[in-house]
Amino acid sequence: MPLFSKKKSPEEVLKQNQRALNRTIREMDRERGKLEQQEKKIIADIKKMAKTGQMEAVKIMAKDLVRTRSFIKKFYLMKANLQAVSLKIQTLRSQSAMAQALKGVSKAMHGINVKMNLPQLQKIMMEFERETEIMDFKEELMSDTLDDVIGEADEDEESEAIVSQVLDELGVELGDKLLGLGPSTNKPMVGEATADLEARLQNLKTD
């Protein structure tokens, strides 16, 4: 073993042990598969010898079959136990990873709390609140000003429309009256002027 070898962390040791367990489980599966193939072969041989009447050989191979099946069961049991151990190791690794993550978060939070200046933060919040109130006030004032301007423009337009409508109606009425009075008043006035002129001329002749 090297004198200056790096010491493994608990997480690395758990990972190494889990790999060894998984490798052992795979090897056991291969051995169990061989035993199952052997079991099938023994059953086939027993049937073959029973057909030929070799009963002594059948009894011996039957004992061999029992032992083979017993080993197969033991392999299943050992695999289950190894899988349980592997699951526990995986759980420990997950818990260790979670602990490391929580440790990092706690360290970060501690750093933030150390750097955080509460009086300065309070001052910043107060300034933010004050500036927000000023901005809200300006927005409200601007909105009211726009409403007044738009309202006056609407009132001016509406009043001009009313005046135009009234003048139009009055213009129509005056036109109708002038048209109605024109023929009936102008003609008599012209006749009276003509008669008066003729009377004056006649007076001049007689004198």
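Glu139 counts as partly exposed, at 49% relative accessibility. The model is a predicted one. In this model, Glu139 is found in helix H3, which covers residues 118-206. Glu139 also belongs to a patch of negative charge on the surface. The other members of this patch are Glu129, Glu133, Asp136, Glu140 and Asp144. A residue can join such a patch only with over 30% relative accessible area. The 49% of Glu139 is therefore enough on that count, although Glu139 falls short of exposed, a label that needs over 50%.

A second patch on the surface is nonpolar. Ile112, Met116, Leu118, Leu121 and Met125 form this patch. Together, these residues have about 480 Å² of accessible area. Helix H3 supplies three residues, the largest share of the nonpolar patch. Leu121 has its place in helix H3. Its relative accessibility is 36%, so Leu121 counts as partly exposed.

The overall fold is helical. The protein has three helices and zero strands. Read from the N terminus, the order of elements is α-α-α. Of the 207 residues in the protein, 10% are buried. The protein exposes about 18000 Å². Carbon and sulfur atoms supply 62% of that area. Contacts were also sorted by separation along the sequence. Among contacts with a separation of 6 or more, 76% join residues 24 or more positions apart.

Salt bridges form the next topic. The structure holds six of them. One of these pairs Arg32 with Asp29. Their closest N and O atoms are 3.2 Å apart. Both residues lie in helix H1, which spans residues 10-52. Arg32 and Asp29 are separated by about one helical turn, because they are three residues apart in this helix. The two partners differ in their cover. Arg32 is buried, with a relative accessible area of 12%. Asp29 is partly exposed, at 24% relative accessibility. The cut-off for buried is under 20%, so Arg32 falls below it, whereas Asp29 does not.

Arg32 also meets Glu36 in a salt bridge, with 3.1 Å from N to O. Glu36 and Arg32 are four residues apart in helix H1, which means that about one helical turn separates them. Glu36 is partly exposed, with a relative accessible area of 25%. Asp29, Arg32 and Glu36 do not stand alone. A network of salt bridges links them with Lys79.

Another salt bridge in helix H1 joins Asp45 and Lys41. Here the closest N and O atoms are 3.2 Å apart. Asp45 and Lys41 are separated by about one helical turn, because they are four residues apart in the helix. Asp45 counts as partly exposed, at 22% relative accessibility. Lys41 counts as exposed, at 54%. The cut-off for exposed is over 50%, so Lys41 passes it, whereas Asp45 does not.

How values were computed. Residues numbered from 1 in each chain as written. Predicted model: local features only at pLDDT ≥ 70, side-chain atom pairs only at ≥ 80, totals over all residues. Heavy atoms only, no water. Helix = DSSP H or I, 4+ residues; strand = E, 2+ residues; numbered from the N terminus. Buried < 20%, exposed > 50% of the residue type's maximum accessible area, 1.4 Å probe, protein only. Contact = heavy atoms within 4.5 Å. Areas by Shrake-Rupley, 256 points an atom, 1.4 Å probe, with all protein chains shown as cover. Patch = residues over 30% accessible without salt bridge, like charges linked within 9 Å, V, L, I, M, F, W, Y side chains within 5 Å. Salt bridge = Lys/Arg side-chain N within 4 Å of Asp/Glu carboxyl O. Lys, Arg positive; Asp, Glu negative; His and termini not counted. Charge placed at Lys NZ, Arg CZ, Asp CG, Glu CD.
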